[in-house]
Amino acid sequence: MDLNQLCTAFGIDRTAAEKAIAEGNQAAERDAPWFVQALMGLGSWIAALVIIAFGGFLLVLVFDMKGGESFGVALCVLGLLFFGPGYFMLRRNSDGIFANQFGTAIAAAGQAMVAVGAGFAADSVVAAALVSIPFCILIAMVLESRTLQAMSTAWTVILGLLALGNLKFEYPLELTALGVAAGVFLTLRPPQRDLAPSAMVLLVLGPIVAILTDFRADFGVNYTFFFAGWGPRAIYGALSAYLFYALWQCTDDRQAQIRIALFALAAVVLSFLLPPGGSAAIALMILAFMLGSHLLALLGILLQIYFLSKYYYDLDLTLLTKSMVLMAAGVIILGLWALMMRTRTAEQAA
């Protein structure tokens, strides 16, 4: 029987039943394993790119538009024609998983086409970034699709970074470090709206931009020992200290608080010694411990392996000096371990 027959037969309020079904669908999407959500997001991303390519080829081959303002306006219109149906399909939230996937793909493609079209029309990537922002806000505030929210936020962030590069903005590492801090805040203190996908995009933004600085020196600040990138290092150090303070508040055990304080001190010191990407990886690993997230822990460990190896080989120091730095780090770690052993309770020692 359909929903109307079910509600009539058992005396169920239809509005309440529809609300319960919608909440169940949202919970099922939220509770899906991370790798399932990743595969769904990847599939939607690929489909969106194919749709964007189709729209571009359609305008070039069929309507003989070679770029410029007319091409940009036409691409904007085509993007709105794609975004509208996708938005309403996801707004209904009752058409099944395949329909939702299709709606996600065409809505994401529509947003991207409108933004790129605006960029062509105004001959400015800044215009593309500005046009993408309202779509990002609308999707996050109205729709319940976590996949589309992540894609929309990612589109907007990418265009925003390109726009800042076009404007010769000299502090991308500082800005993305603040983005990581915003992602941590949204994760630990989630608002009523589900913004977890946007928070995840912000969390990985800092390390990704730090990796880009390894391959494009004029994108940001080059890594050198101690002095370059002090702004993002200070932000990540403060963020690590805040996370440990949150842990410190969760226990009344004096010995545990001492150990947390020692870890916090080590994290802050390392945040200033490591390159900004390595400092971001420390914050991600602390957050992973607080949440019990294996995914974030794995991401932070892999990022730390990369940044430590890159940092070591990029140091403009002699091999002897590098060895002394490693020895000093080892002495600090052993000292922390010794202090932890001294502050163990009798139960822990047993």
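The following exchange asks how several labels in this predicted model are justified.

Student: Why is the pair of F83 and F135 called edge-to-face?

Tutor: The structure holds 7 aromatic pairs. In the pair of F83 and F135, the planes stand at 90 degrees and the centres are 4.9 Å apart. Centres within 6.5 Å make a pair and planes over 60 degrees apart count as edge-to-face, so both conditions are met.

Student: What makes this a link between distant parts of the chain?

Tutor: F83 lies in helix α4 (residues 68-92) and F135 in helix α6 (residues 125-142), 52 residues apart. F83 and F135 also belong to one aromatic cluster with Y87 and F88.

Student: Why is F83 called buried?

Tutor: Its relative accessible area is 8%. Buried means under 20%, so F83 qualifies. F135, at 11%, is buried because it also falls under that cut-off.

Student: How do you know that F169 and Y171 form an aromatic pair?

Tutor: Their ring centres are 6.0 Å apart, and the limit is 6.5 Å. With 80 degrees between the planes, the pair is edge-to-face.

Student: Why is F169 called partly exposed?

Tutor: F169 has 33% relative accessibility. Partly exposed covers what lies between 20% and 50%, so the label applies to F169. Y171, at 46%, is partly exposed for that reason too.

Student: What makes the span of helix α10 close to the expected one?

Tutor: Helix α10 (residues 230-249) has 20 residues and reaches 28 Å from its first C-alpha to its last. The expected value at 1.5 Å a residue is 28 Å. Among the buried residues of α10 are G231, P232, Y236 and F244.

Conventions
Residues numbered from 1 in each chain as written. Predicted model: local features only at pLDDT ≥ 70, side-chain atom pairs only at ≥ 80, totals over all residues. Heavy atoms only, no water. Helix = DSSP H or I, 4+ residues; strand = E, 2+ residues; numbered from the N terminus. Expected span 1.5 Å × (residues − 1). Buried < 20%, exposed > 50% of the residue type's maximum accessible area, 1.4 Å probe, protein only. Phe/Tyr/Trp six-rings, centres within 6.5 Å; stacked < 30°, edge-to-face > 60°.
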